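Me: I should like a close look at a single part of this model. Please describe the open sheet and what packs on it.

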Amino acid sequence: MALFENLSDRMNHIFSKLRNRGKLTELEIKQAMREIRVALLEADVNYAVVKDFTAKVSEKALGEDILKSLTPAQQIVKIVNDELIALMGSTHQKLMVSDKQPTVYMMCGLQGAGKTTMCGKLVAYLKKQGKKTLLVACDVYRPAAIQQLKVVAGKVGTECFEMGQIKPVKIAEEGIKYALKNGYDTVIIDTAGRLHIDETLMDELVALKKAVKPTEILLVVDSMTGQDAVTVADTFNKTLDITGVIMTKLDGDTRGGAALSIKAVTGKPIKFNGTGEKPDDIEPFHPERMASRILGMGDVLTLIEKAQDAISQEEAIKLSKKLKENSFTLEDYLQQLDSMKKMGNINDMIAMIPGLGSKLKGTPQIDEKQIAHTKAIILSMTPQERRNPDIIKASRRKRIAAGSGTTIQEVNQLLKQFEMMKDMMARMQKGGLRGLRGLKGLPF
Amino acid sequence: MGFFQKIAEGIKKTKDAFSKKLFFAFSARALDDEFYDSLEEALLTADVGVTATENLIEELKDEIFKQKVKKPEDAREILRQLMIEDIDFDIPQYDYPLVILLSGVNGVGKTTAIGKLAHMFKQQGKSVVVAAADTFRAAASEQLEVWGQRAGVRVIRHNEGADPAAVVFDAISSAKARGNDVILIDTAGRLHNKKNLMAELQKICRVVERELPEADFRKFLVLDATTGQNAVSQAQIFSEDIETDGIILTKLDGTAKGGVVLAISDEIGLPVVYVGVGEKIDDLIPFDATDFINALL
């Protein structure tokens, strides 16, 4: 598939022959819009939304002065990017909290969108904010759905309230009573996946809404959804007046144009992204990141934020001090490896780097196991050895290899790499810490 | 319910939306730009994709020129034929013992499709065993067990977190011992860009090939009809990594158009073998291009 790599590249290509330094002309805009239209359609933005959008952008771009620092190509991309962000809502919207306890969030969506998995993630997310959340199992149709929610609840350390396969309204009402009695301030109701055209099941959701008056009704949408996303979201919104949207499976290589379509059609904010299979794989929705993703320009901001999450300011200062004194040891290295792990899958992170993700497709990925091996080797050393690797001679190497289940060659390789790393760091020191300071927060 | 009724019913909603647009397209007075624009819109909103749509329209223009077609109705018939030709796949003929492995991204309906396939083979008088090789998702085995009971087939399962290849190994041993005809393998949903999970899938395939080399081994990718252009990427990577033989297109009972099948056929040439048209156990039917397009146009 001629997968559209990067809108910037294409724009650059269109404008490569032009050395226009004045205003954008109609012809240039028309050419650019053709490419933008294709880019958006390939990202699964709805046809009607694309049509409106390109019309609006053309109007904006026509006659606009080209900023001194930008080429015409960059100018167009900037306008498109800005408009996309504006359309998706300019800031992240937080979850609403009810004045009256408990706060109730009701999940809804098509089959397989990822509602049950998202329930667990929300519990983990709310837990970090000091909330105590009860899960209520109202998917009484799918085989083993209740069992799944129970397991999910166990993984995130909360309870799952269930009453078997009886009427969901009853379960939800009893669940809320249970929450109040047992000191839960938040309740998440998991519902069965359903087609938006299934009137019986849609009526069930309406009844559920009437009975429990949820603080928020969150529509869970698979980010890989195509043109139909508009129909689905519109129907759910008209029937239930949803309060927000959650996009799932954004750890895939989808461009996620559905997000734009849904926002354009429902006007409801997108609140979260699901980005993996673990409970912590949830991120607040950031319109600017989604915009660059839809345009195929990667997601640098998320990457930087992940790095900042994984390594505290304090650790970063300690590290830079160590680097300055050239007292970086294998113990510190071990800590760095752990920080990296906290950032999540390395390959996922690489895929987020603009222009790199798609180019790396097909090339062998970094083996997470390799990091585990490295850790095992370091852990098999004595504290003294870690602090002063120079003392590691033949017999110590043999012992370390045996202890970590690796080979002497692998131990040698690690020691050599570590020496090289230290050497590099020392040279960076001489070059000034200034360059490194900009990278504060990054593990290397 | 007959085959045609079922697929027609499943695609009824699709047809309503799609053919309304096509009706406008074809009721245009002449074969002008407006006509082609509305045609393009109809195809794009059906998830056919930019490239496949462009190709179809080019082909249509060629034919219109060659056959000197003047009327939109005739153009419609030509397009219908072109689309049928594009996806006119052969119905799979199996040899036994047969192993079918289902793979796909998360939430496309693999476990449900396994339940329906088990029922289908059972109805044909085959003895079926199911391997619950989704050991990752919470309660996946329990879900499959319920389908096993509904279809009346055995389900081989391990605990959550077990090696899926080991489950498959056990299922094959068990099938050999009992002389079963069909082994169905359910796998955990995985995004195609996760290399290590794709490697796990390759390992499962190696176990099947080693333990049952004489079997007819088919690998089907389960695709959600609601999926947009990412389905092409899924089809591409799954077929590269485990030599996928065909596609099972699920959730065609919604309003999704399933047009991405044409994009996949255009770019990868992977055939569609079955379509899922509902939640009941017999709601999985063999794919038929003529019926599919007839119901669509």
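Reply: The following account describes the sheet of chain B, strand by strand, and then turns to the contact between the chains.

The model is a predicted one. In chain B, 8 strands form an open sheet, and their order across it is 3-2-4-1-5-6-7-8. The pairing within this sheet is mixed. At the edges stand strand 3 (154-156) and strand 8 (284-286) of chain B. Each of these two has a single partner strand, so one side of each is left without a neighbour in the sheet. On average, neighbouring strands are turned by 25° against each other, direction ignored.

One pair may be followed in detail. Strand 1 (residues 98-103) and strand 5 (residues 216-224) of chain B run parallel and are joined by 6 bridges. Here Ile100(B) stands opposite Arg218(B), a residue of strand 5 of chain B.

Helices also pack on the sheet. Helix 7 (residues 140-151) of chain B touches strand 2 (128-133), strand 3 and strand 4 (182-187) of chain B. The direction of helix 7 makes about 165° with that of strand 2 of chain B. Helix 10 (residues 230-242) of chain B touches strand 1, strand 5 and strand 6 (246-250) of chain B. Its direction makes about 160° with that of strand 5 of chain B.

Finally, chain B also meets chain A, in a contact that takes 35 residues from chain A and 38 residues from chain B. Helix 6 of chain A gives the most to the side of chain A that touches chain B, with 4 residues. By class, that side of chain A has 15 nonpolar, 13 polar and 7 charged residues.

Definitions and conventions: Residues numbered from 1 in each chain as written. Chains lettered and ligands numbered in written order. Predicted model: local features only at pLDDT ≥ 70, side-chain atom pairs only at ≥ 80, totals over all residues. Contact = placed C-beta atoms within 7 Å. Nonpolar A, V, L, I, M, F, W, Y, C, P; charged D, E, K, R; others polar. Pairing = 2+ DSSP bridges. Axes fitted to C-alpha atoms, helices over the stretch in contact; angles between N-to-C directions.
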